[in-house]
Amino acid sequence: MSDDNGELEARLEEQEEFEPPAAFVEQANVSDSDIYDEFEENWPDCWERAASMLDWTDDYDQVLDAENPPFYEWFTGGELNASANCLDRHLEERGDQPAIEWVGEPTDEENVTLTYRDLYERVNECAAALREMGVGEDDVVTMYMPMIPQLPVAMLACARIGAPHSVVFAGFSAEALATRMNAADSEYLVTCDGYYRRGDPLDHLSKANEGLDSVEHETTTVVVDRLGDDGHGHELDDSQHDWDDLLADHEGAEIDPVDRDAEDMLFLMYTSGTTGEPKGVKHTTAGYLSWVTWTSHSVLDIKPEDTYFCSADIGWITGHSYIVYGPLSLGTTTMMYEGTPDHPDRNRLWEIIEEYEATQLYTAPTAIRSFMKWGHQYPDDHDLSSLRLLGTVGEPINPRAWKWYYQHIGDEECPVVDTWWQTETGGHMITTLPGVGKMKPGSAGPALPGLDAQIVDTNGEAVDPGRAGHLTVQKPWPGMLRTLYNNDERFVDEYWREYSDTDSEDMADWVYFPEDGAKVDDDGYITVLGRVDDVLNVSGHRLGTMEIESAIVGVEGVAEAAVVGGDHEVKGEAVYAYVIVEDGQAESDEFRDEIVTAVEDAIGPIARPEAVVFTPELPKTRSGKIMRRLLEDIANGDDIGDTSTLRNPEVVEDIKTTLDEE
Ligand code: WT7
């Protein structure tokens, strides 16, 4: 890791400290610092606290079954239903309170408010419709939908009948949809005709249909009519049903929530890893739901009377955990908006916050960096005093952006929670408790109560405070992924093999490795420095370099390709592709466009390369390994260090010159 180390150290930045605002602490859901000791002394029973926030139809017998690590089971023997926890239990007290406030993009269109009762009714109708279509318990239902209210309705309807959902981000390509439906053997798809983005009614169904063409089995599709007269004139075929017709057929239906075992799958979420094939992260009913409920309460400080706003997309884990399941489980009002923060203009988010008097804002550093670039006159023009807490997620936040957020959005009156977690962890892992801990811009904070995070060297030994190392989690937690769908072996290989004694049956010998670099300070505050594997973080979106490379080498005329992340002021990282063409292939702009299109087709516009650099060779070690770090240095315009271990050192200057010329 010596090679890694210098680079990680270089990413450390100066820090300062801020105390949580007194007015916030006074009302915080959690404000007693004893919670850290209590949870540690009482582990794993401390997690009963999270479980007790849910309604169970059958009590669990055991908090943790660690007989077969790393295949842990939580709250075993218990039964519950996630949709009942997000809906039914709130009806009596707050049936008329908004559950979802939805803001569509066109300003001349009415926004939608779904009260808890409305949402309950829609979910029941949808559950009845899905069941009639043949969806049974444990059938995976894929959703390929943008930010429209029908998405959470469909998710909760699936949860109600015990059918796991697999939501595919709407910005992903047709090919990405097909890969995920094939991998999950998913026979059902819920999608829509299109949606609005930056003023245009986008055609989504053509992309969905193209994906369906590559699905290897029979499918049934439900299509939401989002665009009405702005639609693209689609005709549905025999395997496709109109959402409104289906729900109307089941008007007033009530479907008993199915009792799910604590460990039954609630959903699958595909995410990127180091190989080309996406990983199907499996989350369970009790462990996941208790985790997101507890962290929504303790970290986001959500109360039922709040209007909570997370600007993420439900197509990613942040939206699952902290737009849908966590907030609704707590009975609060959760916001959803369609479109982007800069359309119709850069006031979009601030207008929404002002109009709905939002109490929390949870967003990504990449968005904050854009807001900074645009200037504080936009938020300054709006009354944001309803805000009580700010959060960030998805990538490291630089102290300058943190301070801007704290000052210009929070008016120095809102604590900022910088939450480190992953698709795999289900919910928050490392962050301050906003009513308890001081804040240090750039540092996420200590591990949450009941978690054991350590920074280690390659031998698994804890490194000294201030030094860069690998982040590890040394004890299991309820919200953790249970496995990779249909691939237990890859689950062990990807997350556990690095630092565990995999022959041991003792959980003390099993260590989870999230593939992030980090450092810890003397006070236990952890600064996450970024991925140490071949996964990129572009605008908080996770992309595998291998996925992009395989799309590029699939283009006729490409001999070899290497993809790395270069620093980017707003996106955090940007995709740089180095490409060797085959003999006779012209290194033309047209060919460059072809490569870019191939990446968009395989993954989606989010993976679009910032630069495609043609090169006669890639820098390789004598053993033939591509020196990715050198390619990163070149992308960043950094000094290239020692190239003497290269087989072909002369190539470095060539590539630099080509990139400079572009
Ligand atoms: C990766 C996980 C967490 C939901 C959204 C992304 C990076 C996430 C932080 C943070 C520094 C962060 C890590 C992690 N990351 N949050 N607060 N500080 N880095 O989920 O797509 O599974 O990506 O995002 O590198 O491993 P994801």
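## Burial and helix H20

A residue is counted as buried when its relative accessible area is under 20%. In this predicted model, that criterion is met in helix H20 by Arg-628, Leu-630, Leu-631, Glu-632, Asp-633, Ile-634 and Ala-635. Because seven of the nine residues of H20, which spans residues 628-636, are buried, the helix is largely enclosed by the rest of the structure. Just after H20, Gly-637 takes a positive phi of about 70°.

## Ser-83 in helix H5

A buried position is also found in helix H5, which covers residues 82-94 and contains Ser-83. The relative accessible area of Ser-83 is 0%, so this residue counts as buried. When residues up to four places away in sequence are set aside, Ser-83 touches Asp-88, Val-123, Leu-156, Ala-159 and Arg-160.

## Domains

The domain assignment of the protein divides it into domain 1 (3-419), domain 2 (453-529) and domain 3 (534-661). The centres of domain 2 and domain 3, taken over C-alpha atoms, are separated by 30 Å.

## Salt bridges

The structure holds 34 salt bridges. In one of them Arg-260 pairs with Asp-138, and the closest N and O atoms are 3.1 Å apart. Arg-260 lies in strand E13 (residues 260-261), whereas Asp-138 belongs to the loop between helix H6 (116-133) and strand E6 (141-143), so the pair ties together parts that are 122 residues apart in sequence. The two partners are placed in unlike surroundings: Arg-260 is buried, with a relative accessible area of 2%, while Asp-138 is partly exposed, with a relative accessible area of 44%.

A further salt bridge joins the side chains of Glu-424 and Arg-542, at 2.8 Å from N to O. This pair, too, links distant parts of the chain, since Glu-424 sits in the loop between strand E20 (416-419) and strand E21 (453-456) and Arg-542 in strand E26 (residues 541-544), 118 residues apart. Both Glu-424 and Arg-542 are buried. The side chains of Asp-533 and Arg-531 likewise meet in a salt bridge, with an N to O distance of 2.7 Å, and both Asp-533 and Arg-531 are buried. Besides these pairs, a network of salt bridges links Glu-17, Lys-438, Lys-440, Lys-519, Asp-521 and Asp-523.

## The second largest pocket

The second largest pocket has a volume of about 440 Å³. Its lining is made up of 23 residues, and those that lie nearest the centre of the pocket are Ala-447, Leu-451, Asp-452, Ala-453 and Gly-524. By residue class, the lining of this pocket divides into 14 nonpolar, three polar and six charged residues.

In terms of secondary structure, helix H3 (35-41) and strand E21 each supply at least two residues of the lining of the second largest pocket, and E21 gives the most, with three residues. In terms of domains, the lining of the second largest pocket draws at least three residues from each of domain 1 (3-419) and domain 2 (453-529).

Key: Residues are numbered from 1 along each chain as its sequence is written. This is a predicted model: local features need pLDDT of at least 70, side-chain atom pairs count only at pLDDT 80 or more; totals for chains, interfaces and linings use all residues. Side-chain values use heavy atoms; hydrogens and water are left out. A salt bridge is a side-chain nitrogen of Lys or Arg within 4 Å of a carboxyl oxygen of Asp or Glu. Helices (H or I, at least four residues) and strands (E, at least two) are DSSP runs, numbered from the N terminus. Buried means under 20% relative accessible area, exposed over 50%, partly exposed in between (1.4 Å probe, protein chains only). On a 1 Å grid over the protein atoms alone, a cavity is a set of points where a 1.4 Å probe fits but cannot get out, and a pocket is an open set with protein on both sides within 12 Å along at least five of seven lines; lining residues have an atom within 4 Å of a point. Grid points are joined across faces, edges and corners, and a volume is the space filled by probe spheres set on the points. Ala, Val, Leu, Ile, Met, Phe, Trp, Tyr, Cys and Pro count as nonpolar, Asp, Glu, Lys and Arg as charged, and the others, Gly among them, as polar. Domain bounds come from an automatic or database domain assignment. Contact means heavy atoms within 4.5 Å.
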